[in-house]
Amino acid sequence: MTQEVQAEYAVLYGGDGDTAPIAADEFVAPNGHFIVAEVDGEAAAMGGWRRGGPEPGDAEVKRMFVRARFRRQGLSRLVLAEVERTAAEAGVRRLVLETGLKQPEAIALYRASGYEDVPPFGYYAESPSSVPLGKSLV
């Protein structure tokens, strides 16, 4: 699925997709967590968090994605809720993320889930298409 989301980003934004440095071990407890949701035994959606962000106690939401054939079934909300639950359980005070202007469905999901604008941060802080958002978990 990570290759699929990268292909989507490449179509939306050009280039090679999301080029922000990221390593799988960043999602290993206690520094992160990664979720894969299955439908009838098939991987359908994913998302995770890794410690870090602009403020102490932050963690960053990464790799939120639902395969095209599974969209509009509420999986993104379920994965996001589990990302938030596990982050809060691990003591994360706030989740932050960067999405993009060409992803209006993602922006709508996050805003409907209580995420608000935060100052630009991280790898895409200088990008005019970046939409940085955050949500307090405490």
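The following paragraphs describe helix H3, the largest pocket and the salt bridges of a predicted model.

Helix H3, which comprises residues 104-112, has a buried side made up of Ala106, Ile107, Leu109 and Tyr110. These four residues lie on the same side of H3, because the arc that they cover around the axis is only 160°. Glu105 and Ala112, by contrast, are exposed and are carried on the face of H3 that is turned away from the buried side. The cover over the buried residues of H3 is provided by elements from several parts of the chain, including strand E3 (58-66), helix H2 (75-89), strand E4 (94-100) and strand E6 (130-136). After H3 comes glycine 114, which has a positive phi, near 100°.

Helix H3 also takes part in the lining of the largest pocket, a space of about 1100 Å³. This pocket is lined by 37 residues, of which Met64, Thr99, Gln103, Glu105 and Ala106 are the closest to its centre. Two or more lining residues are given by each of helix H1 (2-13), E3, H2, E4 and H3, and the largest share, six residues, belongs to E3. In chemical character the lining of the largest pocket is mixed, with 16 nonpolar, twelve polar and nine charged residues. Two residues of H3 thus appear in both descriptions: Ala106 is buried in the helix and Glu105 is exposed on the face turned away from the buried side, while both are listed among the residues closest to the centre of the largest pocket.

Turning to charged side chains, the model contains eleven salt bridges, counted with a cut-off of 4 Å between nitrogen and oxygen. One of them joins glutamate 4 to arginine 67, with an N to O distance of 2.7 Å. This salt bridge connects distant parts of the chain, given that glutamate 4 belongs to helix H1 and arginine 67 to the loop between E3 and H2, 63 residues apart. Glutamate 4 counts as partly exposed because its relative accessibility is 33%, whereas arginine 67, with a relative accessible area of 14%, is buried.

A second link between distant parts of the chain is formed by arginine 94, in strand E4, and glutamate 55, in the loop between strand E2 (42-51) and E3, which are 39 residues apart. The side chains of arginine 94 and glutamate 55 meet in a salt bridge at 3.7 Å, N to O. Here, too, the arginine is the buried partner, since the relative accessible area of arginine 94 is 15%, which is under the 20% limit for buried residues. Glutamate 55, at 46% relative accessibility, counts as partly exposed.

A salt bridge within a single helix is found between arginine 85 and glutamate 89, where the distance from N to O is 3.2 Å. Both residues lie in helix H2 and are four residues apart, about one turn of the helix. Arginine 85 is partly exposed, with 42% relative accessibility, while glutamate 89 is exposed, because its relative accessible area of 62% is over the 50% limit. Finally, Glu26, Arg50 and Glu60 are linked to one another in a network of salt bridges.

Conventions
Residues numbered from 1 in each chain as written. Predicted model: local features only at pLDDT ≥ 70, side-chain atom pairs only at ≥ 80, totals over all residues. Heavy atoms only, no water. Buried < 20%, exposed > 50% of the residue type's maximum accessible area, 1.4 Å probe, protein only. Arc of directions from axis to C-beta. Contact = heavy atoms within 4.5 Å. 1 Å grid on protein atoms, 1.4 Å probe; cavity = no way out; pocket = protein on both sides within 12 Å on 5 of 7 lines; lining within 4 Å. Points joined across faces, edges and corners; volume = space filled by probe spheres on them. Nonpolar A, V, L, I, M, F, W, Y, C, P; charged D, E, K, R; others polar.
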